[in-house]
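Good morning, colleagues. Please look at the structure on the screen while I describe some of its features.

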Amino acid sequence: MERLAGKIILLSGASRAFVGFLAGLLAMFAQPPFGIFAAAFISFPMLVWLIDGVATHPDEGVARRLLPAASIGWSFGFGYFLGGLWWLGNAFLVEADLFAWALPLAVVGLPAVLALFYALAVLIARCLWSDGVGRIAALAVGFGVAEWLRSFLFTGFPWNAIGYAAMPMPLMMQSASVLNVATINMLAVFVFAAPALIGTGKGARVGLAVAAALFAAHIGYGYYRLSLPAPQPSTPERTVRLVQPVIDQAKKMDDRERAVIFEEHLALTAAPPPVGGKRPDIVVWPETSIPFILTDNPDALTRIAAVLQEGQILVAGAVRAEDAGAGLPPRYYNSIYVIDDRGQIVGAADKVHLVPFGEYLPFEDVLNSWGLDSLVVAMPGGFSAASNRSVLTLPGGRTFYPLICYEAIFADEIDGNARLSDALLNVTNDAWFGDTPGPRQHFHQAQLRTIETGMPMIRAANTGISAIVDARGVLVVGLGYNYKGVTDAILPGKMPTMTDSMLRGRIFWFTAVFLLLVAGISRKGLNFRTN
């Protein structure tokens with residue numbers, strides 16, 4: 001280990017950047033669909049040793065002293081995001097004749113931009129760098145701040161946050177009932193980076209002991225929480241059916257296929273329950289599953305009423321149109337409708353957090369003048385965002401907290417109304433990204449929301465992964481990717497959490513300050529010894 005550390009520390013120039021890139025690429029294997037969290041125990045020590053090798057002269061300017069560290073962080077981040085997000089390019093191939101030119105922007109450009117956050121992380125760490133356990137604490141603070149900023153800057157994109165690597169399965173997810181992802185990001189980096197101390201010796205005993213204690217507490221708490229009784233369904237029990245139609249995205253965008261797509265959803269809705277199973281009370285279709293403006297097609301509502309049995313409720317993703325006033329084009333919303341057995345729309349909720357360039361075009365006037373347009377070319381001007389999140393109330397009083405598509409990755413945007421609801425409802429259409437890591441990563445992040453909120457989740461995805469997940473993140477029923485069909489289950493109940501969002505936020509800042517103090521004291525001690 002010492003020999004390997006020495007070789008990495010002595011790297012410089014292009015060799016150092018290349019090893020940083022490989023370390024980031026290796027860290028990606030800790031995320032779904034691989035979930036090899038041990039990969040992070042190799043990649044982060046490599047990152048620590050690369051930073052150890054940054055030698056600066058006190059007479060150099062600030063920029064010259066910080067640039068090598070920033071380049072290491074950027075190289076690591078570029079490898080991490082390139083390896084973890086390449087599948088985004090699939091969306092640009094659905095209509096390749098229009099958008100193939102933008103493929104490099106998605107596959108290479110976005111990772112290059114996101115890597116700037118990790119460059120910042122290493123910059124923060126380098127300013128507090130020392131020769132012992134303090135530098136591990138500094139790196140944890142740097143990544144904690146960078147991931148926190150990534151969760152909201154420029155509309156936010158916290159996809160594949162480092163902390164998810166420490167939570168590949170329900171046993172290792174339960175800490176999310178106490179800590180938020182931002183805190184787990186910091187502690188995960190500390191634990192992942194701790195083996196670097198073996199290679200350089202100083203502070204190894206203390207650092208490894210703390211890391212081992214944190215890891216043991218993480219596993220031990222997961223074992224304890226999963227040993228508690230499973231959350232029981234609330235009364236009266238409700239059986240939910242998930243419809244997974246597996247409609248190819250190119251077909252969904254073909255106007256000639258709309259009637260066929262609609263009938264496929266209806267046929268799956270009407271499928272009989274398994275032998276001995278109960279008729280579903282609630283049927284859930286994925287995001288934008290209704291392939292036309294429903295309010296412009298009263299015959300479609302009649303067809304829905306004909307398929308639904310007495311007392312059944314349909315919850316379906318759809319595009320909703322709204323009159324914007326005289327002389328103005330209508331506004332379109334990515335929405336969820338609640339439809340009763342008489343074919344009446346009795347509830348609706350609109351998406352709040354839209355996907356930039358996918359559902360709306362930022363700086364639209366400027367970018368349109370450059371010839372750019374959003375992927376959703378079928379809706380002139382793209383979608384409009386709702387001003388607030390509306391809870392869906394079903395006939396009979398059940399309430400669902402709606403999260404449309406990637407809204408499920410924004411833990412901090414789930415407000416107190418979620419806890420007052422009966423379940424989280426996530427409808428999505430991951431057909432844009434094909435059979436790639438994307439849909440698996442999306443499901444994994446949505447799964448964590450159940451543990452944070454203590455709420456079950458109903459998740460309907462066009463091509464998968466559809467599932468009902470209980471409040472501990474445990475799969476109740478599910479349909480794998482590209483499996484066409486339905487699955488029914490009784491909706492699980494809620495479960496108490498140890499902390500609320502406000503307390504979790506305080507824990508994050510307390511942890512950050514504590515690690516900052518450790519790093520600062522270690523840095524000061526190093527300066528004292530060298531002077």
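In what order do the six strands of the open sheet run? The order is S5-S4-S3-S2-S1-S12, and the pairing is mixed. Strand S5 (345-350) and strand S12 (485-490) are at the edges with a single partner strand each, so each has one side without a neighbour in the sheet. On average, neighbouring strands of this sheet are turned by 30° against each other, direction ignored.

A word on the basis: this is a predicted model, in which local features need pLDDT of at least 70, side-chain atom pairs count only at pLDDT 80 or more, and totals for chains, interfaces and linings use all residues. Residues are numbered from 1 along each chain as its sequence is written, and side-chain values use heavy atoms, with hydrogens and water left out. Helices (H or I, at least four residues) and strands (E, at least two) are DSSP runs, numbered from the N terminus; two strands pair if DSSP finds at least two bridges between them.

Within the sheet, strand S2 (residues 282-284) pairs with strand S3 (residues 313-322) in the parallel sense, over three bridges. There, isoleucine 282 stands opposite isoleucine 313 in S3.

I turn now to helix H16 (residues 437-453). Of its 17 residues, 16 are buried, so H16 is largely enclosed by the rest of the structure; buried means under 20% relative accessible area, exposed over 50%, partly exposed in between (1.4 Å probe, protein chains only). Just after H16, glycine 454 takes a positive phi of about 70°.

Finally, two cysteines: cysteine 127 counts as partly exposed because its relative accessibility is 47%, whereas cysteine 405, at 13%, counts as buried.

Note on methods
Axes fitted to C-alpha atoms, helices over the stretch in contact; angles between N-to-C directions.
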